Every structure is written in structure tokens, then in C-alpha cells.
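Visitor: Hello! I am new to protein structures. Could you take me through this one and explain the terms as we go?

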Number of protein chains: 4
Amino acid sequence: MSESSVISHQSSVAEQPLDGEPVARVLVAGASGFTGALAAQLVWAHPRLELARVTARSEVGTPLERLYPRYRVPLALEELDPDRAGDCDAAIVAYPHGAAAPVVAALRERGLKVVDLSADFRFRDLDEYRRWYGDPAAPELAAEAVYGLTELYRERIAGAELVANPGCYPTATVLALAPLAERGLIEDVVVDAKSGVSGAGRGGGERLHFVSVDENFTPYGTDGHRHRPEIAQELKALGADVPLTFVPHLLPIDQGELVSCYARLRDPAGGDLEELYRERYAAEPFVELTDQAPGVREVRDTNLCRIHVVREEGSGRALVFAAIDNLWKGASGQAVQNLNLMLGLAETEGLE
Amino acid sequence: MSESSVISHQSSVAEQPLDGEPVARVLVAGASGFTGALAAQLVWAHPRLELARVTARSEVGTPLERLYPRYRVPLALEELDPDRAGDCDAAIVAYPHGAAAPVVAALRERGLKVVDLSADFRFRDLDEYRRWYGDPAAPELAAEAVYGLTELYRERIAGAELVANPGCYPTATVLALAPLAERGLIEDVVVDAKSGVSGAGRGGGERLHFVSVDENFTPYGTDGHRHRPEIAQELKALGADVPLTFVPHLLPIDQGELVSCYARLRDPAGGDLEELYRERYAAEPFVELTDQAPGVREVRDTNLCRIHVVREEGSGRALVFAAIDNLWKGASGQAVQNLNLMLGLAETEGLE
Amino acid sequence: MSESSVISHQSSVAEQPLDGEPVARVLVAGASGFTGALAAQLVWAHPRLELARVTARSEVGTPLERLYPRYRVPLALEELDPDRAGDCDAAIVAYPHGAAAPVVAALRERGLKVVDLSADFRFRDLDEYRRWYGDPAAPELAAEAVYGLTELYRERIAGAELVANPGCYPTATVLALAPLAERGLIEDVVVDAKSGVSGAGRGGGERLHFVSVDENFTPYGTDGHRHRPEIAQELKALGADVPLTFVPHLLPIDQGELVSCYARLRDPAGGDLEELYRERYAAEPFVELTDQAPGVREVRDTNLCRIHVVREEGSGRALVFAAIDNLWKGASGQAVQNLNLMLGLAETEGLE
Amino acid sequence: MSESSVISHQSSVAEQPLDGEPVARVLVAGASGFTGALAAQLVWAHPRLELARVTARSEVGTPLERLYPRYRVPLALEELDPDRAGDCDAAIVAYPHGAAAPVVAALRERGLKVVDLSADFRFRDLDEYRRWYGDPAAPELAAEAVYGLTELYRERIAGAELVANPGCYPTATVLALAPLAERGLIEDVVVDAKSGVSGAGRGGGERLHFVSVDENFTPYGTDGHRHRPEIAQELKALGADVPLTFVPHLLPIDQGELVSCYARLRDPAGGDLEELYRERYAAEPFVELTDQAPGVREVRDTNLCRIHVVREEGSGRALVFAAIDNLWKGASGQAVQNLNLMLGLAETEGLE
């Protein structure tokens, strides 16, 4: 974003800090956007992965660190040439919805394992996809894609060639509600979600101009947001096919996302919710329960999801709050988490 | 808050910009806090009111403009002496809960009309007050106090000697829900509220240190917030004695408050909600309906409440969003609005 | 900036709050940008001016209050047609540099008094203009234009038909240094300037995206900024033709500007600087001296310039700090201040 | 700062991620403040150091991660007992000025190597210390202390038992000016410095309340700041005993510091400044030159100092801009950098 660029790097900087022979050579496509750039940075700093190429549809030839001085990736952006991508083992694709599918298809043809950050392969029901995003460009790949919410589908992800990385809101919301949904405890649910501006991407024009966002706070998508059907699909897959209200709001911060979930319970007088959540997530390296509602600042620049659950006696509702960094667990961090599994690495490698 | 102070005022500045003979001499007690200081500023700039005294429990002798250079009140803070308050006709009291009641009682004894910003006289049921705030200090005054949500109780406020100014969250929430509540349309309701930091007051220690709040966003009061029973009381008074969930969150901004209300409707297929709201608030000078959800920046430094209502077909809920400036319509602006009525002035005087 | 729009205005809102018969009908050209929109709002709320038209080169037909819900101007943007502008008495033009001059020329031909916010008529030396901005489009008008730093050129402004409103940095800097410059006290001077993002305008692309600016702070124009020659011209006009270093920085705030001036003095041991400044600005309604360095928040949404001066014994320098709101005293506020003078009104009308 | 706390840590979290046998056991004293807490976090995450104890003068018994959920240090704060500190090899002391010296003396007596973050041992001239901070508490230790600006005193630091870590402003300023000062090129210099709020520490009361800082920007210490004599001492040590003006300003951000240095040159027409800086810092792992002025966001959460230098032809000045993270290179990061040297480790260990 800034135009300053380092002119005095130590030579050591130009080499990746690899820990022995890399396990895979990774291409990041769409690295000029927020999530693609962070994916490139995470792969660059990963002890077992080699960042082979970074590509983009604009600003070809520009070193990534000039676009993102806050990151440290000295590679220059290339144009994506699938025919030359065969020297890579895997790819993270960070293209907009619709544009992603053809690129994913081309990379899959060359045998690369792919984690796709777009919505193009997230929907099990292509009609539902069509309703929100238009005609799917590579419907034949939908069947092989695994929905990449790691904590729910770990084993299938480990065996997948194509992973559809979840949206940021679905990630936080489904993690927040899964323990209730799996037990059939939800009657209906309201999800009031808030995200930092990086979740809206690098474009956005005047709506994301500093002056528009600063000291402001605004609901959006109140007539229907694309993440709603994705959340509904996942809750339904867990057994909770229930009325769902989902409203996102724009926070005047850079990174960070909080979902506040209000679930009317089937069994209002039932068991210890905190205990239920604790057991459900006992083995999860990136899910932490907190004894009070978490602030988004706690999880900034981490792959953590921090959750607080409390039963409200008067209303018979469970209140569940989940905080993530929308760029990490909500996008590129989870992408690397999934890629680790697909490549046989420890899930946490490069993310701590 | 800053320590800089003007040393070269024009002589004209030291005089209030009054428009003819003032209608009343007004004392502002507790003027060193955020709401008291704004109340003093609004009275100072009011064309028909004379700001007679500003008092505080600390920093006596300091000109108010030294504490708040952003305001322009050259009066020095005095210690409150009720015996000398008899030269005033009215007072706005901005003391903390519990400390306010004795001051209000003393000023009422001297015949002043009072708008009280604390919770001390807001509750019709003293037991409910006791549950959240402790023993009431002046229970005998409770009966004469009128709840100061102007749009609901305008006539009673005009005839009142003591007005209990509502909390900021109750103001926004009850304005958002009144049209539904009055028609008996609400089955249950979730209120997800967000406020800027000035709503938490001038104290607060490390919790409100810039570093704690900046780039953060946190729910609070998840085990019960004092504004919940106040909202419940008012909804019930309108006929909506229904399950209510209320959770506030802290926004990393100075001024501004948004409540997102999710009301399950008794009659999901019923009439035009926008039309209902439009009619209900057609004559209100400070309530405006918007065709999309409002951002809090739109109402900053105004006494406006902007509301957007939309029916969600799938869930049978009404989504209602209301934005106010917590220091204005949520506190000192509404106090002046009420004081105008109590003194026979136009409600909007000094607020546009 | 936001897209929400009020649908329930009181009828009273659609009329300007005029105080008797208006003195002039005013057109604001370029009202879709930050400074043009504020100029429209200030004229709208002005007790003696009628806002006749608001025009823009894009978004014609859109009510201004839809683009800027924080303002309250219900007029719709029109295309500028100079031939129909004859029904106006005066205009404020808020076009980009280069584009402004032809518009100003066309309005002057129809007899309108004009305050121009661009740099097109600020330079006495057209070669200097050419060096920074390119060929002047209406060089014949340069001679009649008066530089609109009100505190320096009040009388000439009162008699002018065309006023070139100063840049925001020159306004703060020249006010900060004028008392020293007029006495010939400056040997050389460093000006370290900082401005909020609204000073950079509504465009700006990724450089002004929230994510680029938030939690950041960056110098810019370090190889030469256009406001430097304008400052140099004005200091020279006051007698201070001295080495000048000027570096602006971008603050992560909306509105507000501070210049920190470090002037090496000709007479380091000389008189009382504070006294000098106090006398110089004793009669100025919008210049205030403070006993400590001012924060920009103090002058937000005001036409004030607050100045603090201190002599540093060790270095023989005067340190002078001046804070303004870049959109008000740095642009549209000063434009109205000048327009008041040109129309024979009190300078402060509509600005307090 | 927040009160939420994790209740479901994986067991692995409670152990440090050490890379083999640790080289030293480290105590962090004063870990409840901003710099102490970050020092604890850096030692905790350090592959070769064991975080043995964290102590504080308040909140004893509280796990550090409860005070700072953004960090991950599960150790509880202890009261400092020097007699039990003998099981440690080294300490980082983050006490306020004046309070630090006795603690440092006690730890030195038990044989610990100490990096002290206070000003207590920074001054070579005790009278200068006395003038700004009062009587030194352990003057006998002053002689053995080495000033810890790593890039200037690397070898002496490696052999030191006690290192006085520099102030944040002196760190950035001296790194910015050293290449010029060492060559005797500076005639005089103005340093306009800006720091995020974390530089002012965890206390601060209303001055650092979110509402005081938000959307504000204020100069401070304009009548003399304690970092000025420290900068003067270090410039003089490099040969530049010249007039120095230093004015800090408070930025409305959390972490980040920029110094803008305006140095009048002895030899205005002389050599290539960029080349001079490039050579001077060619071997430095944490100093990077940039081709444009750096933004503070680029170096956030890093130990980097990014510098941009440009010669201004007209004024004969060098403009030098240096950006650091005040908590990292300006405090705790540099402390670990120094500790690494004192313990024979690579300087960059645990800091990349």
C-alpha cells in the first residue's frame, strides 16, 4: 500500500528461513490483495514450505514488499502462467469469486494441490451458489472440493486435493455454534457480526476511504449477505436447519472480527454449556475458551479463535462470542493450516 | 482533558451569545465529566438560557475550557452550594448514580427544576433500582420524577419539575422498538448494542486507556448490564413484556452508538413496517428514518436518532437499527431537549 | 460517502434556516468533494446566505445529503451551467487545480463574486505556478485575484471580486509565522506539518484506503510539496525571504492539522514573543493564543487557528505550533469568512 | 489490560518453545507495564532463553496473560525477591526511573547480568541525570553501565554486565543522525518526533484516556523533554556538540514512532548522503534504508529501524526520517538484542 521500499537488505533477507529441505514448493496466486499477500508472507516465513512464485493480475514485476512493506517478501509479482506452474506442488489461490474457479481448474490440471480462498467451491448445492454468485465456472470440480473449516473436517482435508477455504464470518460463526448445533440444541439463532476493514478487501473505493470509515460504525448487507447461505449450509450439515438471522457491521479497525451469537435453546434448562464447549474443543490447537468475552485485539495476527459462551437464564438463550483475525483464521492462516494437513505436516507449522 | 488553555480570547467570547432576555438561569452540576461538560456547553450556546454556574466535586477553580478545550465555556468550576443555588431556575445534574439523588433533592428543595442524568430516578419499581444500584437515597422523589424519553412522554415532561433522563442504550433501543411494542408485535427481542468510549465516562482506568481500546472491540456486561432492566421497564410500559437479551460492546471511537435490534414478530406476515415507523415518527424533529442502515458518524454531534427498519422474510423477524450520539441524544442533548419543554421553550431550541 | 439517506424529513428541514431576507444567492461548484460539500453545508446553515445551487461533475441528480449524510443539505447536485448561474450573486468553487480556472472565468463573466479553493489564482508569479501545476488556464484573471488569508489581507478581500483561498498548510504556517516575519526576525525556518486524511481529498485510491492509513503515520512529498512555494511566496511578501524547509506528514485522523514551526531568530535574545503574538492577533476573532501547545481536536469543526509560541533559549529558536481544522480554516470555513467580507457581512457570520 | 482469560489452553502452551537446552534463565522485573510485558513475551518465545520469573509491584499472583491477553505468557506475576533471584542468570528490569536503580543494584549483587530499561544508568554525567530525574540511587554502578544502543556500542555491550537501554526517541534519533554526526557534518539540528501512546506507559490517567487521544494530535514537553539531554549526550559522543531542538508529539496510534530530523549541514554541497548511510549500516541486521520516507506501520511488531535520507538542495539541509516500533527497537526488542550479545548469542535470536 505504501510506496517506500527497502534498498539496503542484508543478503540473508533474500533467502527464506527454511528449516532443512522444504516439503513443497508453493505458488500464491492473487498475491496483490490483502489475503493473498498474507498467504505469501506466511508461506515465506514457513519453516517447511518454499515460496516458489507470487502472481497477480496487476502490478506484475513489482516486488511484493513494495506493495506491502509491512511484510517481508522480496519476490516480484509475476503473471500467472499455469503451464509454468508445474514446478510447484501446491497453490493458494486468492482471486475474487468467479475469477478463481478457472485458475483453480488450470492448476489442478497440472497436478497442484490447491487451497482456494474464494467462494467458488464452498457450496454443496450449486443452485445456492448460483443464486448469490452467478454461474459456476468449474462445476465439475465442486464434487472433489472439501470445505476447509479445519476443526470440522480435518480428516477429509488431509486427504483432499482441493480445499474450499471458508469465508471469515462462517469460520467464526460455525466454530461458535458447532457444539450446540451438533447436539441439536438450537431453536433459532441471531448472529450479529462485526469485521475490520481488511475483510472488505483492497478495492472498495470511497466506501473504504479512511474518511468514510474513521469514527464510523455501520451495518451492511441488511437485505441479505452472501455469507448467510454459507453459514446456513454448514449449520444444516451439523444438524441445525433453523431460522438464522445474520447481519454484518463494519468496524473502524484494520484486522479483527467478532461474532455475537444469540441462540434460543431447545433445552433451556440443560447442561453446563462451558463444559460442553471445553470438551468439544479440548484437542484443538487454535480454539481457546475464555472466561469472559474476548476482544478482537487478543487474537490479532494469530490463527486463534477465542470463544466465550454463557447461558442467559431469563431468555433461555445461549450467548456465544467468537473472536478471530479475519485475515488469519478467517482467510490466509486457515489456508496454511489446511495446506499443512494436505501436505502431511503438523497443522500448526508456520502458524505459531 | 488537555491542559492547553486560551490566553487571548476576544472580550466578546466571555459573554454568552444570548438572543434577548434569557428565559432561565441554569446550573450544571457535575460539569467536569463528559456529559456534564457537554450539558454546560449546550446551555452556554443556547440562545434563551443563561449558564449561571458550573460545579464539580474536583478541580474547583479551574475554567471549564481548560479541562475541555474543545468546548468554549470560560466559567470556572465551583463547589456546589445548594444554599447559593437559589439564584438559578433550573439545573442539569450529571453526577454518578447514587451521588446524584441527594444533590437533586437539595436543588428541588430550593425550587429548581431538575433534569437528572443519573439512573437514580429512572425506575418506577424501587426494588428493581435497589437490585442494580443499591439503596435509593431520595425515594420520596421517585414518585414525582418523569422518565425523560421525550418522544414518549413529551406532555408529562412539559409539566414536570424533575425529569429522569434515560440511559443512552435505553434511549436508542426504546426509540427503535416503540412502534412495534406499542402495537404488541414483539414476541421476543435481541438487542446487540455498540457504544463509543465516551459513553463509559471520564474515569475507567486502564480499561479505557487508549492502548486498551485502540484497534480493539469487546463485548461487556455479558452477565447482566444495568441498562437491561431499564429497557425492560420501558418496553413493558409500552405493552411488550417479552424475553429480552441485551449485550453492549465497546467501539474504538469517541462518540456514537448503534443498537441492532432483532425482534421476532407476533404477526410475521403483517403490514408495512417502514410505513408504521414513518407514521409513528412523522412529527418528531429528532427522529429520522433512513432507507439503509445508518452509520453512527451521520449523527455525531447532533441530537438525532436515525432509524432503519427492515422485515426479514425468512426468519419472521424485524431488524431495526438505531444510531445516536451517546453524549447528545443519549445524554446531554436530550437533557436540554427536556429542559426546553419544562421551561416552555421550543423543544429544538439550542439543539440545531 | 455512505449510502443511507433520510426518508422522513420534517418539512421544515427542506428549508434553510434563514434570518430574514438573504443578502446573496450562492452557488457551490464541485460540491461532491470534501471541501465543496462542507462549503455547501456552511452556506446552507448560514443565517444570511441562500444556498441556490450545488453542482458537481459526477453524481448529478443525487441529493447531497445522500453522499454526505453527516451534513444536512437536501439539494440535489446539478451539472454546472454557467449560463444559468446568472441568478446567483456569488460562488464558491471547489474544483481541482487546473480545472478550476475555466469555471471561475465563466462565473466571473456572469458577474458572480467568486471564492476559489484551488491553487489556480494563488500565485503572484505565474512562472512559479507553471512550475508546480502546469500552464495557467485563465492567466488574465490572476491580476484581479486577492490571496484570501483573511487575517493578512482583510481589506483587499472586502473589495475583491475574486479571492484565491489559501491552501491548508499555508494558512496554518503563515498565521504561525507572520508576527515574526513581519518584524524581520526569521533567519531560517523548518516547518514540520501534519494533516488528517480529509486534506488529501475524496480520491486517492489505495493510498487513502482505511487499511493503508490506520495505525500508520507517514511523511510525504519529501522531494518537494506544492504548498512549499505558496508558503515561501507569502513569507517573502511579509519580508521573510529565508531558507524554508517544509515537510508534510499524514495523520491517521479525519480532520485536523498541526504545523510545528522551528524558526531560527535574527535576534535570539530579543523581546517577549508571547506578547508580540498577543498584540498581533488581539483583534482577530478566529486566532487564539494558548498557554501550551494545542491539540488538533480542540479546533475540530471550528474556524479557529490556535497558536502557541515559545522561545527556546539554548538554540535561539522560536517554536511555534498552530492547529486548525484543515476543512474549515484550512478551506471551506475560510472561504465563507472571505465571502462574508466580500458581501459586506460580519466576518464571523455563519461560522460560530 | 482486558480481563478475559483463556480457560482451555492446550497443555503444550504452558511450556516454552525452547530449541534445546536454554543458554540462560531470565527474570523480567516490572512485567506488568507495557515494556516489561513485551520483554517477558519476547523471552518466552525466545528459542534459547528460559523465562524463569516475571515480577511486578502490583497484581502479584495474576497470570501475565490475564493482564495482556494479546501475549501468551502463562506465568503468574511474583513479588520481586532478590534473594531468590540467584537461580537466574540475567534480568531485564522495566521499572520507572528512580525505582529501577536499587533493583538493578540488588540483582547485580546476586551476579545477574542486567539490561535496565529506565534512564537510571544512561547518563555519563551524573549532574545531567540529577537535573532531569533527581538524585541517582546507585551512582556507584554508573561507571560499569554501557549505553545500549546496539549499533553504536556492540562490542562493549557484549562484554558488559549492566546495560542501560536507550530511550525510544534517542534510539531512533541517534540512528538517524549517527552517519552525519560521525563525519562532523551537522551544523545544527531540529528533531520533530512523534510517538504512539504505548510509549507513554500504562499509567497516565485522563491524559491517555481513549477520548483524550482519539482523533487528536498534540505536541508535548515543549518546555524541555527528558530525552533531549540523552540525545545531546549521544550526539556529542559522536562528535556533534551542536544546537539541538527536540519536540515530541503524541500520535493517536498504539505502537510506532517516527522522528523527522532536519540537519543543517557543514558541507551543503558534499557527497552522496544515501551512499553514506548505506555504507554505514551495510552490516546491520535491524537497520534498513528505504527509497522513500517510511511509515511507522511498516515496522510495527518488529525490531527494525527504517531510515530514509534526502538532501534538500535549497536549504542545505539533510532530511532524515527514522521509523521504529517504540516498544520493540525503542525498548524491549533492543533489550533482548543486547541480552543476546551479553550472553554470547546471535544478536537477532528471538527477534525475527
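Guide: Gladly! Keep in mind that this is a predicted model. Let us begin in chain D, where the axes of helix α7 (residues 168-182) and helix α9 (residues 227-237) come within 10 Å and cross at roughly 30 degrees.

Visitor: What makes α7(D) roughly parallel to α9(D)?

Guide: Set the angle against the cut-off. The two axes cross at roughly 30 degrees, and angles under 35 degrees count as roughly parallel. That is why α7(D) is called roughly parallel to α9(D). The crossing of this pair is also right-handed.

Visitor: Which residues of α7(D) and α9(D) meet?

Guide: From α7(D) come C168(D), Y169(D), P170(D), T173(D), V174(D), L177(D) and A181(D). They meet H227(D), E230(D), I231(D), E234(D) and L235(D) of α9(D).

Visitor: How do the residues of that contact divide into nonpolar, polar and charged?

Guide: The contact of α7(D) with α9(D) has eight nonpolar, two polar and two charged residues. Glu counts as charged, and E230(D) and E234(D) are in the contact.

Visitor: And chain C: at what angle do helix α7 and helix α9 pack there?

Guide: In chain C, helix α7 (residues 168-182) and helix α9 (residues 227-237) pack at an angle of about 30 degrees, with their axes 10 Å apart. Because angles under 35 degrees count as roughly parallel, α7(C) is roughly parallel to α9(C). Their crossing is right-handed. Among the residues that meet are V174(C) and L177(C) in α7(C), with I231(C) and L235(C) in α9(C). The contact of α7(C) with α9(C) divides into eight nonpolar, two polar and two charged residues.

Visitor: Now to whole chains. What rotation superposes chain A on chain B?

Guide: A rotation of 180 degrees, with 0.0 Å of shift along its axis, superposes chain A on chain B, and the RMSD is 0.0 Å. That is the relation of a two-fold axis.

Visitor: How do you know that the same surface serves both copies, A and B?

Guide: Look at the contact residues: 100% of those of chain A recur in chain B, and the same surface serves both copies.

Visitor: What turn and shift lay chain A on chain D?

Guide: A turn of 180 degrees and a shift of 0.0 Å along the axis lay chain A on chain D, with an RMSD of 0.0 Å. Of the residues of chain A, E215(A) comes closest to this rotation axis, its C-alpha being at 4.3 Å. Here too the same surface serves both copies, as 100% of the contact residues of chain A recur in chain D.

Technical notes. Residues are numbered from 1 along each chain as its sequence is written. Chains are lettered from A and ligands numbered from 1 in the order in which they are written. This is a predicted model: local features need pLDDT of at least 70, side-chain atom pairs count only at pLDDT 80 or more; totals for chains, interfaces and linings use all residues. Side-chain values use heavy atoms; hydrogens and water are left out. Copies are superposed by least squares on the C-alpha atoms of residues with pLDDT of at least 70 in both. Contact means heavy atoms within 4.5 Å. Axes are lines fitted to C-alpha atoms, for helices over the stretch in contact, and angles run from 0 to 180 degrees between N-to-C directions. Helices (H or I, at least four residues) and strands (E, at least two) are DSSP runs, numbered from the N terminus. Angles under 35 degrees count as roughly parallel, over 145 as roughly antiparallel, 65 to 115 as roughly perpendicular and the rest as oblique. A crossing is left-handed if the near helix is turned anticlockwise from the far one by less than a right angle, and right-handed if clockwise.
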